Amino acid sequence: MRNRTLGIAAATGFAVLAAASAQAAEVNVYSYRQPFLVEPLFKAFTDKTGIAVNVVFAKKGLVERLKSEGAASPADLIFTVDIGRLHDAMKAGVVEPVKSDALAANIPASLRDPDGNWYGLTTRARLFFVSKDRVPGGGIGTYEQLTDPEWKGRICTRSGKHVYMVALTASMIAHHGKEKAEAWLAGLKVNLARRPQGNDRAQVKAIHAGECDVSIGNHYYYRKMLDDPKQRAWADSVRVVFPNQDGRGAHVNISGAALVKGAPNRANAIALLEFLSSREGQGLYARVNGEYPVSPEIAGPEKLAAFKADTLSLARVAELRAEAGRMADRVDYDG
């Protein structure tokens, strides 16, 4: 690649990456994460090390592209959100293990693959947004309570087949077994105020509109809504509740990265991963993206409290995703 930092657009990305020559002081990233989320982090790495970071962003198809490119791929790292997508890249055989003392020290074991095939770089809590006006403090505090009769017709969620809901259901299978987890998901469906639809912000909007009283969503949407003049009223209408704080802790998912198999700039790619897992990199994630650091030693994002996270291995969650998806079909969650 030419010595170019952060400026490779998706429109020209793959052709440019494939045609450019490899250099010692660069690392090439294929990213599902939107550019504005990662560019400040990559710039800080370049400023610190002199290693240029070249990025191609795509909404889908990166794993398929890596399979097609094979050994000729210029990519060194793949960045994505959700444990399922990292697990899928591993199963597709397009990534390879990284052994790093720094990564092992900086990232808890539950947030990385046991064999080093992928590493979590931030966590996102799957929490409750509850109506300030219609749900008293302490009214709901656990995922299990979502099936209680008092919540009938009062809960909104996105599709049960969305990757975030699938991961939450997989965690319930891990903690309670298939039979109880399926009863839980069926009970949650019974309590829905409407057919699952929209994204996490749409659920908060529905609470503001009085359509429901409780929703499930990722924590960072709260800060995003507070910072958006058009959506601030939605955020102001709800209170954030981290579930299961007296027990196992709130379910978390991750954004993360994996080393591409045969990466041409392997050492630089590992250096970037180690930087992003360091105190400096983790602090940037919290400030720039509003995500929780994987390191418990680094303060979380502004406007959101510290919380107790579930330490269930996300590798186990990934293994149970297929069953969680079938479970959503069996209970006809989206029907």
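This passage describes a disulfide, a buried strand and a pair of packed helices in a predicted model.

The whole structure was searched for disulfides, and one was found. A disulfide is a covalent bond between the sulfur atoms of two cysteines. In this model the two cysteines are C156 and C212, with their sulfur atoms 2.2 Å apart. This separation lies within the 2.5 Å taken as the cut-off for a disulfide. The angle about the S-S bond is -115°, and the link of C156 and C212 is left-handed. C156 belongs to strand β6 (residues 155-156), while C212 sits in the loop between α8 (200-208) and β7 (214-218), so the bond ties together parts that are 56 residues apart in sequence. Both ends of the link are buried: C156 has a relative accessibility of 1%, and C212 has a relative accessible area of 2%. These residues count as buried because the term applies under 20% relative accessible area.

Strand β3 spans residues 77-81, and five of its five residues are buried, so the strand is largely enclosed by the rest of the structure. The side chains of the strand are divided between two directions. L77, F79 and V81 point one way from β3, whereas I78 and T80 point the other way, and all are buried. Strand β3 also pairs with two other strands, β1 and β9. With strand β1 (residues 26-31), the pairing is parallel and runs over three bridges. Here S31 stands opposite F79 of β3. With strand β9 (residues 252-260), the pairing is antiparallel and runs over five bridges. In this pairing L77 of β3 stands opposite L259 of β9. L77 and F79 thus appear both in the pairings described, opposite L259 and S31, and among the residues that point one way from β3.

The last feature concerns two helices. Two packed helices are described by the angle between their axes and the distance between the axes. For helix α2 (residues 35-49) and helix α12 (residues 279-289), the axes come within 9 Å and cross at roughly 150°. Angles over 145 degrees count as roughly antiparallel, and α2 and α12 are therefore roughly antiparallel to each other. The crossing of these two helices, α2 and α12, is right-handed. On the α2 side, the residues in contact are L37, P40, L41, A44 and K48. They meet E280, G281, L284, Y285, V288 and N289 in α12.

Notes: Residues are numbered from 1 along each chain as its sequence is written. This is a predicted model: local features need pLDDT of at least 70, side-chain atom pairs count only at pLDDT 80 or more; totals for chains, interfaces and linings use all residues. Side-chain values use heavy atoms; hydrogens and water are left out. Helices (H or I, at least four residues) and strands (E, at least two) are DSSP runs, numbered from the N terminus. Buried means under 20% relative accessible area, exposed over 50%, partly exposed in between (1.4 Å probe, protein chains only). Two strands pair if DSSP finds at least two bridges between them. Axes are lines fitted to C-alpha atoms, for helices over the stretch in contact, and angles run from 0 to 180 degrees between N-to-C directions. Angles under 35 degrees count as roughly parallel, over 145 as roughly antiparallel, 65 to 115 as roughly perpendicular and the rest as oblique. A crossing is left-handed if the near helix is turned anticlockwise from the far one by less than a right angle, and right-handed if clockwise. Contact means heavy atoms within 4.5 Å.
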